[in-house]
Amino acid sequence: MKKLFIVAVVVLGAAFAKAQGAKIAKELRSYINAESSDEIIEVKDKTGKKHYVKSAKAKTAHRIGGTSTSNSTVVFDAFNAHPEWQDMSVIVDWTGSMYSYVGQVVRWHHVNKDKQLIHNMVLFNDGDDNTNRNGNGKTIGKTGGIYHPDHSDIDAFLKTVATAVDNGNGGDGPENDIEAILASQELCNGKKDFVLIADSSGIRDISLASQIKRPVHIIICDYVSDDYIQLAKITKGSITWPGGYTDYSGSNVCKKRHVHSHDVACAG
């Protein structure tokens, strides 16, 4: 009887996980296709050249994974404020608290297709919950749970998104950010700069950061933690967070400025 009970729990858990993936995919589709305002935003790049982007904010509120998309627009703000980001490799933390932010990525791309922001996208969920399944812990550089969705095909994208949700949610704090960046780097032959979208959970495999060959521009969706400052410094990238931005490139063209909600400062 005990064995039957355990089997029943496992089956019900698997069924719930698959239902969760389909639910998140449905919520993302609704958000991506939502009506936008006609607002045009004027921004300047580091050289002072003007650029124009379409506002990707939806006219109506949406919820993805229980989180309102109107709670934070940090991803929209970052993409709008950095027209110099072109043809980037975008890596997104795909654990539970981040579902609404990947919606912002794809929605911005959907509304501003002419800007060619995204070259490819990688989602990572920190190991497909393998630790919870086999109890063996997570190996640095080989944690897994990395997915390559096709951002240009919404149906294919949402199918991959649902699979990643069904397969796991990390299960603990620090994530395998660097492993995901290196997977993307291999895909692009080390020729694309990176945009990493994450929260302050921390980076389990920060020891691998020296293997990254291009700058990592980090969008933190809550507050900045030490691991992400270290990553930005090592790669000569940048960090954007709600209300602020710091450039660690050491480039002479970065000057103090204010772009929308972002106070810009340069750091060596």
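# Exercises on a predicted protein model

Gly243 has a relative accessible area of 34%, so it counts as partly exposed. The structure used in these exercises is a predicted model.

## Exercise 1: Three loop residues

Task: State where Gly243, Asp87 and Lys236 lie, and whether each is buried, partly exposed or exposed.

Solution.

Step 1. Gly243 is found in the loop that runs between β10 (238–241) and β11 (244–247). A residue is partly exposed when its relative accessible area falls between the 20% and 50% limits, and Gly243, at 34%, is partly exposed. Its C-alpha atom is 9.9 Å from that of Tyr223, a residue 20 positions away in sequence.

Step 2. Asp87 belongs to the loop between α2 and β5 (88–93). With 28% relative accessibility, Asp87 is partly exposed.

Step 3. Lys236 sits in the loop between α7 (226–235) and β10. Its relative accessible area is 51%, so Lys236 is exposed.

Step 4. Now look at the backbone. Most residues other than glycine have a negative phi. Asp87 has a positive phi, near 55 degrees. Lys236, also not a glycine, has a positive phi of about 55 degrees.

## Exercise 2: Aromatic pairs

Task: How many aromatic pairs does a search of the whole structure find? Classify the pair Phe79 and Trp108 and the pair Trp94 and Tyr99 by the angle between their planes.

Solution.

Step 1. The search gives three aromatic pairs.

Step 2. In the pair of Phe79 and Trp108, the ring centres are 5.5 Å apart and the planes stand at 70 degrees, so this pair is edge-to-face. The cut-off for that class is over 60 degrees.

Step 3. Phe79 is part of helix α2 (residues 74–81) and Trp108 is part of helix α3 (residues 99–111), so the pair ties together parts 29 residues apart in sequence. Phe79 and Trp108 are both buried.

Step 4. For Trp94 and Tyr99, the centres are 4.5 Å apart and the planes are at 50 degrees, so the pair is tilted. Trp94 is buried, at 0% relative accessibility. Tyr99 is buried as well, with a relative accessible area of 5%.

Step 5. One aromatic cluster is made up of Phe79, Trp85 and Trp108. A charged side chain can also be placed against a ring: Arg107 lies over the face of Tyr31, 5.5 Å from the ring centre.

## Exercise 3: Helices α2 and α3

Task: Describe how α2 and α3 cross, and list the residues through which they meet.

Solution.

Step 1. Two packed helices are described by the angle and the distance between their axes.

Step 2. The axes of α2 and α3 come within 8 Å and cross at roughly 35 degrees. The crossing is right-handed.

Step 3. On the α2 side, the residues that meet α3 are Val74, Val75, Phe76, Phe79 and Asn80. On the α3 side, they are Tyr101, Gln104, Val105, Arg107 and Trp108.

Step 4. Eight of the eight residues of α2 are buried, so this helix is largely enclosed by the rest of the structure. Among them are Asp77, Ala78 and Ala81.

## Exercise 4: Two buried residues and their distant neighbours

Task: Which residues does Val90 contact, leaving aside its neighbours within four places in sequence? How far apart in space are the C-alpha atoms of Gly168 and Gly127?

Solution.

Step 1. Val90 is in strand β5 and, at 0% relative accessibility, is buried.

Step 2. With neighbours within four places in sequence left aside, Val90 contacts Val105, Ile118, Asn120, Met121, Val122, Val195 and Ile197. Val122 is 32 residues from Val90 in sequence, and their C-alpha atoms are 6.3 Å apart.

Step 3. Gly168 is in the loop between α5 (154–167) and α6 (177–187). Gly168 is buried, with a relative accessible area of 3%. Its C-alpha atom is 7.2 Å from that of Gly127, although 41 residues separate the two along the chain.

## Exercise 5: The whole chain

Task: What are the secondary structure, the buried share and the exposed area of the protein chain?

Solution.

Step 1. The protein chain has seven helices and 13 strands.

Step 2. Of its 268 residues, 50% count as buried.

Step 3. The chain exposes about 12,600 Å², and 52% of this comes from carbon and sulfur atoms.

Step 4. Among contacts with a separation of 6 or more, 65% join residues 24 or more positions apart.

How values were computed: Residues numbered from 1 in each chain as written. Predicted model: local features only at pLDDT ≥ 70, side-chain atom pairs only at ≥ 80, totals over all residues. Heavy atoms only, no water. Phe/Tyr/Trp six-rings, centres within 6.5 Å; stacked < 30°, edge-to-face > 60°. Helix = DSSP H or I, 4+ residues; strand = E, 2+ residues; numbered from the N terminus. Buried < 20%, exposed > 50% of the residue type's maximum accessible area, 1.4 Å probe, protein only. Lys NZ or Arg CZ within 6 Å of the ring centre and 35° of its normal. Contact = heavy atoms within 4.5 Å. Areas by Shrake-Rupley, 256 points an atom, 1.4 Å probe, with all protein chains shown as cover. Axes fitted to C-alpha atoms, helices over the stretch in contact; angles between N-to-C directions. Left-handed = near helix turned anticlockwise from the far one by under 90°.
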